[in-house]
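Let's take a walk through this fold, from the overall layout down to a single residue. Keep the model open and turn it as you read.

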Amino acid sequence: MERTLSLIKPDGVKKHLIGEVIRRFEQNGITIVAMKMIHMTRKQAEGFYAVHKGKPFFDSLTEFMTSGPIVALVLEGEDVIATNRKLMGATNFKDAEEGTIRREFATTIEQNVVHGSDAPETAAFEINYFFNSFEIIS
C-alpha cells in the first residue's frame, strides 16, 4: 500500500467541493486515512512550498494558500500517487483531461482546487508536514 498527501486548496473549500473531491477518491478505490481542515499561516505555507522558493510564482502561491482554509488528507491505496494525479489532472487546468478535477473546477494555474504529491519521497515529506503518526488511521 502506498500513501500520498492531497490538499483541497482554498478555492476548492470556498466552492464547496470538499465532498465532491472525496467522492472521486472513494469511487476510485482510494482510502482516506487522515483528514483535517486548517488555515495555514504564511510561514507554514512558505515551509510547505520551500522547494519553490525563488521561483516567480512563490509569493502568489503562498499568498493564495493562506487566503482561506484548506483540507489536508492522507490517501492510501495501490499506486495511489499515480491514481490521485490522474484524478486531479494537469497542473494547468487548460491542459487537463476532460473529467478531471482541475479541468472541471479550476480557474487559474494556482487556483486549481487540489494539490497532490508527485513521488513517494515528496509524499513522505508532505504527509509529515501536516500529520503526526497518531493522526493516521490505517
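What follows goes from the whole chain to the sheet, then to the helices, and ends at one serine.

Bear in mind that this is a predicted model. The protein has 7 helices and 4 strands, and if you start at the N terminus and read along, the elements come in the order β-α-α-β-α-α-β-α-α-β-α. Its radius of gyration is 14 Å, close to the 14 Å that the globule rule gives for 138 residues, so the protein is as compact as a globular protein of that length. The C-alpha trace spans about 35 × 35 × 25 Å along its principal axes. Of the 138 residues, 46% are buried. Take the contacts between residues at least 6 apart in sequence, and 76% of them turn out to join residues at least 24 apart.

Now find the sheet. It is an open one, built from 4 strands in the order E2-E3-E1-E4, with antiparallel pairing. Strand E2 (31–38) and strand E4 (114–116) are the edge strands, each with a single partner, so one side of each has no neighbour in the sheet. From one strand to the next, the twist averages 20°.

Let's look at how the strands are joined. E2 and E3 are antiparallel and share 7 bridges; Ala-34, for instance, has Val-74 of E3 as its bridge partner. E1 and E3 also pair in the antiparallel sense, over 7 bridges, and here Ile-8 is matched with Val-71 in E3. On the other side of the order, E1 meets E4 through 3 bridges, again antiparallel.

Which of its two ways does each residue of E3 point? Ile-70, Ala-72, Val-74 and Glu-76 go one way, while Val-71, Leu-73, Leu-75 and Gly-77 go the other. That fits the general pattern: in a regular strand, side chains alternate between the two faces of the sheet. In E3 both sets are buried. With 8 of its 8 residues buried, E3 is largely enclosed by the rest of the structure.

On to the helices. Helix H7 (residues 120–130) lies across E1, E2, E3 and E4, and it runs at about 60° to E1. Then there is helix H4 (residues 58–65), where Phe-58, Leu-61, Thr-62, Phe-64 and Met-65 are buried. Why do these count as being on the same side of H4? Because they cover an arc of only 160° around the axis. As for what covers the buried residues of H4, the list includes E1, helix H1 (10–14), helix H3 (42–48) and strand E3 (70–77).

Finally, zoom in on Ser-6, which sits in strand E1 (residues 2–8). Is Ser-6 buried or exposed? Its relative accessibility is 0%, so Ser-6 counts as buried. Across the E1–E4 pairing, Ser-6 stands opposite Gly-116 in E4. The side chain of Ser-6 also reaches the backbone oxygen of His-115, at 3.5 Å. Setting aside neighbours within four places in sequence, Ser-6 has contacts with Phe-25, Val-71, Ala-72, Leu-73, Leu-75, Asn-84 and His-115. Several of those names should be familiar by now: Val-71, Ala-72, Leu-73 and Leu-75 are among the buried residues of E3.

Terms used: Residues numbered from 1 in each chain as written. Predicted model: local features only at pLDDT ≥ 70, side-chain atom pairs only at ≥ 80, totals over all residues. Heavy atoms only, no water. Buried < 20%, exposed > 50% of the residue type's maximum accessible area, 1.4 Å probe, protein only. Polar contact = N/O pair within 3.5 Å; in protein donor to acceptor, adjacent residues only side chain to side chain. Contact = heavy atoms within 4.5 Å. Arc of directions from axis to C-beta. Pairing = 2+ DSSP bridges. Axes fitted to C-alpha atoms, helices over the stretch in contact; angles between N-to-C directions. Rg over C-alpha atoms; globule rule 2.2 N^0.38 Å.
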